[in-house]
Amino acid sequence: MSQKESFIQEIQSRYSYKNDKIVLGKAKLDGEIVEEAEISVALKTMNRHGLIGGATGTGKTKSLQIIAEQLSLKGVPTLLMDIKGDLSGIGAAANADDKNATERMQALNLPFDPQASPVELLSISDEPGARLRATVEDFGPILFSKILELNETQESIISIIFKYCEDRNLPLVDLEDIRRVLQYVTDSVEGKEELNSNYGTIAPASLGAILRKIVGLEQQGASKFFGEPSFDVQDLLKTRDGKGIVNIIRLVDVQNQPNLFSTFMLSLLNKIYSEFPEAGDSDKPKLVIFIDEAHLIFKEATKALLNQIETMVKLIRSKGVGLYFVTQVPGDVPDAVLSQLGLKIQHALRGFTAKDRKEITKAIENYPTTTYYKADEVITQLGIGEAFITALDEKGIPTPLAYTYMRAPNSRMDILSDTEINNIVSNSALVAKYDQIIDRQSANEILSQQLEQQKNVEQTTPKTTSTRRAAPQEKDWTDNKMVRDVSRTATRKLIDWGMKMLTSFLKGKK
């Protein structure tokens with residue numbers, strides 16, 4: 001048997017599935033596309049997470065686009081975190097006359113079917129789309145403490161504050177609410193006494209440190225995220241005309257706000273894990289989440305976010321949810337996360353420096369060994385739209401490493417125009433649902449009213465006390481020093497005169 005025949009036999013046997021699949025392209029051997037060697041991913045394994053890596057301009061974002069639109073065709077909704085702003089094109093059909101796309105699909109002997117995917121645009125900032133929000137209460141004391149990177153003592157204080165608000169029916173909706181509560185129990189006599197008598201003494205310095213952390217979070221723009229209505233994660237699971245909706249979160253304007261993104265990620269993952277029921281071993285995932293430019297997140301993320309992602313990667317699969325990280329080099333992803341990933345799509349890496357060569361070595365070590373390629377050499381020679389791929393078969397066993405010529409997307413390989421974006425936003429049911437800001441009475445308003453009432457009482461009480469004390473001062477003339485001195489002098493003179501009169505009377509009598 002020739003090497004090519006052996007290669008075809010191995011690829012066909014290991015990339016063949018009993019159930020539905022997603023076709024990514026076809027394998028190459030000795031520089032040629034092998035038409036019989038189709039590379040695909042079992043749909044039921046898409047909740048096993050994955051990595052799409054590669055240097056800038058190698059096609060990793062287009063690979064994300066391909067997978068998302070293929071999942072949509074299978075009725076699986078997706079959530080794309082668009083940090084560069086170049087994923088919106090999935091909402092429009094590709095140009096049928098696109099020469100590069102048609103030639104690529106002809107070379108693969110696959111049909112080219114330009115079509116748009118149903119899209120919802122979401123935002124956590126000022127980008128157009130349905131606004132995603134969460135309340136402070138949604139986080140709870142533990143996650144909220146992680147966002148602020150508090151120590152154990154400060155974390156216990158936040159737990160006390162949450163309990164204090166719960167007992168007093170003080171809703172914590174936004175950052176202004178939690179800030180007002182901290183100020184109230186720090187500066188108000190009544191607030192101090194109530195907190196100390198019912199929950200124990202808390203050092204003002206610790207409360208002040210927490211308050212400064214919250215102010216720092218506000219300065220990074222997190223105030224826009226906290227509020228009502230809270231986003232319902234069930235809205236991410238919708239389909240339209242049998243296609244899974246591609247939910248695109250536009251994050252272009254939050255690249256320099258790592259705390260805001262960390263806050264959002266912690267909230268989203270926590271809500272999905274806590275609210276989605278166990279999915280069991282289903283034929284397809286409920287939801288697949290793609291984090292584009294993940295290296296920006298991991299480099300700037302808080303330790304709390306990293307720990308939470310590691311935990312979610314291990315646990316969220318049971319909810320039928322897959323997490324996919326799109327980054328430049330595998331080393332950008334923590335080892336604890338990387339070891340949990342099933343699908344790996346690695347585009348070209350550049351070995352210009354010693355550090356680059358170390359990253360190449362690390363990437364190769366994460367792939368199954370192969371006798372068909374010198375992987376450490378080929379990985380630097382991959383062309384645009386070519387990648388090393390290994391996945392999991394339906395039994396959870398890694399498939400052989402395949403040098404793959406990727407298919408072209410069915411959707412536009414460019415961004416939507418402002419007019420197209422506005423059309424999507426104006427016709428969105430989610431935008432209509434979440435663009436209404438609810439401003440109910442919460443902790444800030446309730447405590448502000450109480451503080452105002454106390455202020456009015458304090459301003460009135462001193463005046464009343466002053467009036468009452470003034471009256472006896474006017475009547476009690478003996479309190480006057482001059483009067484006392486004159487009185488003593490007059491008394492002495494009166495006594496002297498009396499004594500003289502008595503002496504004269506006694507002498508005359510004799």
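## Strand 13 and its neighbours

In this predicted model, strand 13 and strand 14 are paired in the antiparallel sense, with four bridges between them. One of the contacts places Ile 389 opposite Ala 402 of strand 14. Strand 13, residues 386-390, also meets strand 12 (residues 343-346), again antiparallel, and here three bridges join the two. Within this pairing, Lys 344 has Thr 390 of strand 13 as its bridge partner.

Strand 13 is mostly covered, five of its five residues being buried. In a regular strand, side chains alternate between the two faces of the sheet. For strand 13, one side carries Glu 386, Phe 388 and Thr 390, the other carries Ala 387 and Ile 389, and all of these are buried, which leaves both faces covered.

## The sheet as a whole

Strands 12, 13 and 14 belong to an open sheet of 12 strands with mixed pairing. The order across this sheet is 2-1-14-13-12-3-11-10-4-9-5-6. Its edges are strand 2 (32-42) and strand 6 (130-131); each has a single partner strand, so one side of each is left without a neighbour in the sheet.

At the strand 2 edge, the partner is strand 1 (residues 21-29), and the two pair in the antiparallel sense over seven bridges. Val 23, for instance, has Ser 40 in strand 2 as its bridge partner.

## Aromatic contacts

The whole structure contains 14 aromatic pairs. One of them joins Phe 225 and Phe 264 in an edge-to-face arrangement, 6.1 Å centre to centre with 90° between the planes. This pair links distant parts of the chain, 39 residues apart: Phe 225 lies in the loop between helix 8 (204-219) and strand 7 (239-240), and Phe 264 lies in helix 9 (residues 258-275). Phe 225 counts as buried because its relative accessibility is 2%, under the 20% cut-off. Phe 264 is likewise at 2% relative accessibility and therefore counts as buried. Both residues are part of one aromatic cluster, formed by Phe 139, Phe 144, Phe 162, Phe 225, Phe 226 and Phe 264.

A further edge-to-face pair consists of Tyr 373 and Tyr 403, at 6.0 Å centre to centre and 70° between the planes. Tyr 373 lies in the loop between helix 13 (354-365) and helix 14 (375-378), while Tyr 403 lies in strand 14, so the pair ties together parts that are 30 residues apart in sequence. Tyr 373 and Tyr 403 are both buried.

## Charges over aromatic rings

Two basic side chains lie over ring faces. Arg 104 is positioned over the face of Tyr 405, at 4.2 Å from the ring centre. Lys 319 is positioned over the face of Tyr 273, at 4.8 Å from the ring centre.

## The largest pocket

The largest pocket holds about 440 Å³ of space. Its lining comprises 26 residues, and those nearest the centre are Gly 59, Lys 62, Ile 384, Gly 385 and Met 413. Helix 2 (60-73), helix 3 (99-108) and strand 14 (402-406) are the elements that give two or more residues to the lining. Helix 2 provides the largest share, with five residues.

By residue type, the lining of this pocket divides into eight nonpolar, 10 polar and eight charged residues. Strand 14 thus appears in two contexts: as a contributor to the pocket lining and as a partner of strand 13 in the sheet.

Note on methods:
Residues numbered from 1 in each chain as written. Predicted model: local features only at pLDDT ≥ 70, side-chain atom pairs only at ≥ 80, totals over all residues. Heavy atoms only, no water. 1 Å grid on protein atoms, 1.4 Å probe; cavity = no way out; pocket = protein on both sides within 12 Å on 5 of 7 lines; lining within 4 Å. Points joined across faces, edges and corners; volume = space filled by probe spheres on them. Nonpolar A, V, L, I, M, F, W, Y, C, P; charged D, E, K, R; others polar. Phe/Tyr/Trp six-rings, centres within 6.5 Å; stacked < 30°, edge-to-face > 60°. Buried < 20%, exposed > 50% of the residue type's maximum accessible area, 1.4 Å probe, protein only. Lys NZ or Arg CZ within 6 Å of the ring centre and 35° of its normal. Pairing = 2+ DSSP bridges.
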